[in-house]
Amino acid sequence: MTARKKFFITGGMGFIGSHIVRKLLERQHKIIVFDSFIQYVSPGQFDNFANPYNRLKNVLGKITIIRGNLTDINILREALYKYKPDYVIHLAAMPLANLANIAPEEAKESIISGTANLIYLLRGVKNLKRLVYISSSMVYGDFEMLPVREDARTEPKGVYGALKLCAEIIVKTYCELYDIDYTIVRPTAVYGPYDGNKRVIRIFLENAFLGKPIRIRGKEVKLDFTYVKDAADGIILAAITKKASRQTFNISRGEGRTLIEAAKIIASLVPGTKIKCDEKNSAYPKRGAMDITKARKILKYSPKYSLEKGIKEYYEFLQSRLNA
Ligand SMILES: NC(=O)c1ccc[n+]([C@@H]2O[C@H](COP(=O)([O-])OP(=O)(O)OC[C@H]3O[C@@H](n4cnc5c(N)ncnc54)[C@H](O)[C@@H]3O)[C@@H](O)[C@H]2O)c1
C-alpha cells in the first residue's frame, strides 16, 4: 500500500498501540489516536515507564490525539465523523486477565460496551475500509491442540477470555449486520519496551536487575512469547491485506517456550541471577504455541524476533531507562 491513509487507533497511547503508531508513521500514514489515558493497574504493580506520553515522545507533533472514552458515545461520534478514517484498529480495553477477575464489571464496560459503541458508530463512517479487532489467545482457554489453530475450540477460563470472546462475536455479528469489513487478531504474551503492565518477562528482568531470584510459577508452563514489534507488524498486515477480510488470525512468534528458558536467557544477560521454581498458577489456562500458518500464508506475516533476540533488545531498553 503506497497511498497515505487515515488510521484511527483506539488505545493508541498504550503499549501495543504506540508501536503500531510508530510503524504507521514511518510509512507516512495519518494517525488519529483515540484514548482515555487509563492505566489499568493490578494492586502493587504501578510504575512510571507507563506514562503514555513517554511512549510516543518524539512523534507527538505528528499525530492527532483525542482524549476520550469509548463508553462516551458523543465524543466518539464526533471524532469518527470528523476524521472519517480509512482503517480503525481497536485495541482500547482492560488488558489484564487477573484484574478482570477481580473487577469484572469494569472489564465488561471496557471490553464489551466500548466495542459495541464503536461498531454501532462505524456504520456512519463513509469509505471505511476495515475494522481490526484486537482479541486475545485467552479466548481458547486450555489450548485444545498444539500449536493451537484459529478454528480450535474456544472455552475461555476467567472473565477476560470470556469477554474477549463475546467481543469477537459482537464484532462479527454487528459488522455482518451493518456491512462493515473486519478482521480479528489474537495476539498472546506480548512483551517489549513501554509495557506499563508487569507481565512475566518484565518481572523476570526487573528481579534480575535488582539481584533478586527469578521465581517461576510452573516449570512446565510454556508461552508463545511475542515481541511487540512483531505483534505490531502482524496487526498492520491484518488491516491492509485485502484477503484478510472477515478472517481471524493468530499473531505471535509461533513457538512455545518455557518460563525456565526465558529465565535462563535473562540469567545469561545478568550474571549471578538465580532461578527458583514455585507451583503453577492454576487459574491460568494451559497454553503453548499458536499456529501462525494462516497469518504467514495470507498476511505474509513473518515474525523477526526469537525469544533470545527480543529479550536482549528489551533488556537493553530497560537498562537504559533504569540508568537514566
Ligand atoms: N499485551 C498483551 O500481551 C496482549 C495480548 C493479547 C491481547 N492484548 C490486547 O491488546 C490490546 C492492547 O493491550 P496493551 O497491552 O497495549 O494495553 P495497554 O493498557 O498498554 O493499552 C491500552 C490503551 O487503551 C486505552 N483505553 C483503555 N480503555 C479505554 C476506553 N474505554 N476508551 C478509550 N481508551 C481506552 C488506555 O488508556 C491505554 O492507552 C488490549 O485489547 C488487550 O486485550 C494484549
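Ala189 is buried, because 22 other C-beta atoms lie within 10 Å; here a residue counts as buried if 20 or more other C-beta atoms lie within 10 Å of its own, as exposed if 12 or fewer, and as partly exposed in between, with C-beta atoms placed from the backbone. The model is predicted, and local features need pLDDT of at least 70, side-chain atom pairs count only at pLDDT 80 or more, and totals for chains, interfaces and linings use all residues. Residues are numbered from 1 along each chain as its sequence is written.

Ala189 sits in the loop between β6 (182-187) and β7, where helices (H or I, at least four residues) and strands (E, at least two) are DSSP runs numbered from the N terminus. Phi of Ala189 is near 40°, a positive value in a residue other than glycine. Asn127 likewise has a positive phi, near 70°, and is not a glycine. Asn127 belongs to the loop between α5 and β5 and is exposed, because 8 other C-beta atoms lie within 10 Å. A further backbone feature is the cis peptide bond from Leu146 to Pro147, with omega near -5°. Pro147 is part of the loop between β5 (130-134) and α6 (159-178).

Turning to the ligand, 29 residues surround it, and Gly11, Gly14, Phe15, Ala92 and Val190 come nearest; a residue is near a molecule or strand if its C-beta atom, placed from the backbone, lies within 6 Å of it. Two or more residues of the shell come from each of α1 (15-26) and α5 (104-122). With three residues, α1 gives the most. By type, the shell holds 16 nonpolar residues, twelve polar and one charged; Ala, Val, Leu, Ile, Met, Phe, Trp, Tyr, Cys and Pro count as nonpolar, Asp, Glu, Lys and Arg as charged, and the others, Gly among them, as polar.

Strand β8 (residues 214-217) offers a neat pattern to look at: Ile214 and Ile216 point to one face and are buried, while Arg215 and Arg217 point to the other and are not. In a regular strand, side chains alternate between the two faces of the sheet. β8 pairs with strand β13 (residues 275-278) in the parallel sense over four bridges, pairing being assigned if DSSP finds at least two bridges between two strands. Ile214 has Ile275 of β13 as its bridge partner.

Arg199 lies in the loop between β7 (190-191) and α7 (200-209). Arg199 is partly exposed, because 19 other C-beta atoms lie within 10 Å. Its C-alpha atom is separated by 25 Å from that of Ala238, 39 residues apart along the chain.
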